[in-house]
Structure formats: structure tokens, C-alpha cells
Amino acid sequence: MAQKIQNKFQLQDNFQRKFYYLRLSVTDVCNFKCQYCLPDGYQPSGKSHSFLALEEIQRVVRAFAHCGTTKVRLTGGEPSLRKDFSDIIHTVAQTKGIVKVATTTNGYRMKKQVKDWKQAGLTHINVSMDSLDPRRFYQITGENKFFEVMAGIERAFEVGFEQVKVNVVLLKGLNSDVLPDFLFWIKDRPIQLRFIELMQTGEMDRLFHQHHVSGVSIRNQLIADGWLQKKRLPSDGPAQVYSHPDYLGEVGLIMPYEKDFCASCNRLRISAKGKLHLCLFGEQGVDLRDLLQQDSQLPFLIDRIHQQLQTKAVSHYLHDGNSGMTPNLASIGG
Ligand code: SAM
Ligand code: SF4
């Protein structure tokens, strides 16, 4: 049998975790005001910093692909607010070694643009939809766009996506008690719901204590109803995914506070201003931008990424109340 050849540049940390998945933020800007993320909307920082240009994106993705990355998720802020978003998708999709190009979007521009994104090479899409009740949706996101986002999801199926993933941040008192409604919605639709436990960030304290709820009760309910956990692939995200023979849809649970969550970490992050973040929480990030200016810098860029990876901690230490340097997830690409 042919043996798989090891990539000598494969990204691996001191805890034998291998990294196949890059989450690339392309903007900090967002047009929504989600209570748990940007409750006052996006506030420009005052300092004039531009976000990564297309050529810089191309170089950083090429470096990661060289080091074994096969999947890139474009995120933000709201990635679709970039005027060159389709060009970014195309550039990433054309990079040798990248087989999955995903995005996470609030869905605001999906109805109009998802066809272009698909044609540009987008292979996977996650849409945030925290409630199936339009008024609740407005209350959580600060935007009255429930029906537009729903229409965007339908459009994604029309243009050929076989599955759409829908992110739901679990919020006690706002959406945590409506599992049956969500399950009814996915009975005949190929939607993978992803219930994400609310994560505490630097700008959030009261909201966290008021609304944080564990995903354990949902998991227990699913198991009791005959849902079975699926096997995880090397480039898969952090969700535990469940399926059921009576449902076309699936349910994923993302539980960052669960013991051993970090043991399966396979992803690294680049902020919209070109900093490498080894974890969603806990560090300021290391600037790569000076090495994204010319193609000839590729070997130095790869070197810096490898060096930094050796400093990656074993855990995010969220259990100890650590929310690190991350003010909100929009600032680093959640
Ligand atoms: N604007 C896009 C969106 O909302 O889908 C992409 C960026 S957003 C930061 C990425 C994901 O992070 C969204 O699904 C959002 O609901 C989630 N998120 C943001 N803040 C969070 C928090 N504090 N805890 C858990 N999930 C969070
Ligand atoms: Fe914007 Fe996404 Fe944050 Fe909501 S979660 S404010 S849509 S970046």
C-alpha cells in the first residue's frame, strides 16, 4: 500500500497537535450589533489601519497551504462587507493545496451575492441565525433582517450548496429553550445547526453571567432522542456533530468550556490586520504583515509561523475566567 508522504513543513505544536485549518479575518467592520459581540456596533479604533489587501491575503494563504493547511475560513467582522469579497474567495480557492474555502457570515448580503461567492470557489457556508423568531432575532442582533437572512439561506440552496451550517449562540432566556423549534426547522432541510456556547470576552461580563448556558442539556436531550455522534475528520471544526435517521439536518455542539476542548485544536487565526493568533483567547498576536509584502519573503514567513507555533499553550484557560486580550470575537474573527 502506498505510504502517505509527510509534509516536512507541516504545522505542529509542542503538544503534537497538527494544524490544517486557517481562520482568516478579512475585516473588523460589521453592520450588526449582536449583544454578545458588538452591542454598540463597530467602532473604528481611531488609528488608521488598513485591512489586508488581496495580495497580502494571497501570500499568507500560500504560506499556510505550504505548511499543510487545506481549509480556510473567511470571517470577520462581517466578511461580505469587503467589496472585493468574491475576489478574495477566488484567490484563496486558487491556492494550491486549499480544498475547502468556507465563510461565516451574518447573511445580510447572502441573497444577492451567494451565487457569485459560489462561482468564485466558496465550498462551505455558515450563517449566524440566533433565533427563529423575527422579534428575538432583532433583539439579539440589533438588526431587523430576519427575513433577508432566511431568504439568503434559501438562495444558497438554489445556487447549489448541498448543506448550509447555521450558527446559533446559546443564550439563556433568549433561545436556549427552543430546541424543538430548531429541530422541526431542520427535519427536511440539509442544515447543520451549530449551537455555540457563549464565550466570555474582554468586553463582556454581566451579559456572560446572565446568559451563559452549557450545551450539555442539549446533548443529553439529543442522545435520549436517538441522535448519534458522527466521526470527526482532521480538518473539521470544533463541533461534536450528531445525526438522526429521521432528520435531513444535523446538530453540532461547540462547547469550549468542556474539558479537553483544546486537545483537538487544529486551527490558527490571522486577524484582518495581519496578526497571527494561536488561540482565540489569551495573546496579543504576532505581526506577520512585514513579511507579506513580496513573494520572495515566503521562506521567512513560514519560519516565523513555525517559531510562533512552538509557543502555543496547551489550553485557553477559559475555565479560570481568562478572556485574554480578545475584546470581542469580531476583532479577531470568531
Ligand atoms: N459576522 C459574521 C457572523 O456573525 O456570522 C462572522 C463573524 S462572527 C464573530 C463569527 C461567529 O462568532 C458568529 O457565529 C457569532 O455568532 C459567533 N460569536 C461572536 N461572539 C461570540 C461569543 N462571545 N461567544 C460565542 N460565539 C460568538
Ligand atoms: Fe457582527 Fe458577527 Fe459580531 Fe454579530 S457576531 S456583531 S454579525 S461580527
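**Exercise 1. Characterise the shell around ligand 2 by residue class, then list its members.**

Solution. By class, 6 residues around ligand 2 are nonpolar and 2 are polar, and none is charged. The members of this shell are C30, F32, C34, C37, L38, G77, N106 and A330. Cysteine counts as nonpolar and glycine as polar in this division. The structure is a predicted model, and the contacts below should be read as such.

**Exercise 2. Describe the surroundings of ligand 1: which residues come nearest, which polar contacts are made, and how much of the ligand is covered?**

Solution.

Step 1, the shell. Ligand 1 has 20 residues around it, and the nearest of them are Y36, G77, S128, N167 and M199. Divided by class, the shell of ligand 1 holds 9 nonpolar, 9 polar and 2 charged residues.

Step 2, the polar pairs. A nitrogen atom of ligand 1 lies 3.2 Å from a polar side-chain atom of E78. The backbone takes part as well: a polar backbone atom of T105 is 3.2 Å from an oxygen atom of ligand 1, and a polar backbone atom of M199 is 2.9 Å from a nitrogen atom of the ligand.

Step 3, the cover. Ligand 1 on its own exposes 540 Å², of which the protein buries 95%.

Step 4, the elements. Strands β2 (71-76), β3 (100-105), β5 (164-170) and β6 (191-197) each give two or more residues to the shell around ligand 1.

**Exercise 3. Locate the annotated binding site and decide whether C262 and C265 are buried or exposed.**

Solution.

Step 1, the record. An unreviewed UniProt entry places the feature "binding site" at C262, C265 and C279. These positions span 18 residues in sequence, but no two of their C-alpha atoms are more than 9.6 Å apart, so they gather at one spot.

Step 2, the elements. C262 is in the loop that runs between β9 (250-254) and β10 (267-270). C265 is also found in the loop between β9 and β10.

Step 3, the accessibility. The cut-off for buried is under 20% relative accessible area. C262 has 13% relative accessibility, so it counts as buried. C265 counts as buried too, because its relative accessibility is 11%.

Step 4, the neighbours. Beyond four places in sequence, C265 is in contact with R17, K18, F19 and K312.

**Exercise 4. Place E56 and T27 in the fold and list what each touches.**

Solution.

Step 1, E56. This residue belongs to helix α1 (residues 54-66). With a relative accessible area of 7%, E56 is buried. Its side chain makes a polar contact of 3.0 Å with the side chain of R289. Apart from residues up to four places away in sequence, E56 touches F51, R289, L292 and Q293.

Step 2, T27. Strand β1 contains T27, which is buried at a relative accessible area of 4%. Its contacts, again without neighbours within four places in sequence, are F51, T75, G76, G77, E78, P79, R82, A272 and A330.

Step 3, shared residues. F51 is among the contacts of E56 and of T27. G77, one of the contacts of T27, is listed around ligand 2 and is among the residues that come nearest to ligand 1.

**Exercise 5. Where is Q16, and what is the sign of its phi angle?**

Solution. Q16 sits in the segment before β1 (21-27). Its phi is near 65 degrees, a positive value in a residue other than glycine. The relative accessible area of Q16 is 59%, so Q16 is exposed.

Note on methods: Residues numbered from 1 in each chain as written. Chains lettered and ligands numbered in written order. Predicted model: local features only at pLDDT ≥ 70, side-chain atom pairs only at ≥ 80, totals over all residues. Heavy atoms only, no water. UniProt positions renumbered as here; feature names shortened; annotations may be inferred. Helix = DSSP H or I, 4+ residues; strand = E, 2+ residues; numbered from the N terminus. Buried < 20%, exposed > 50% of the residue type's maximum accessible area, 1.4 Å probe, protein only. Contact = heavy atoms within 4.5 Å. Near = heavy atom within 4 Å. Polar contact = N/O pair within 3.5 Å; in protein donor to acceptor, adjacent residues only side chain to side chain. Areas by Shrake-Rupley, 256 points an atom, 1.4 Å probe, with all protein chains shown as cover.
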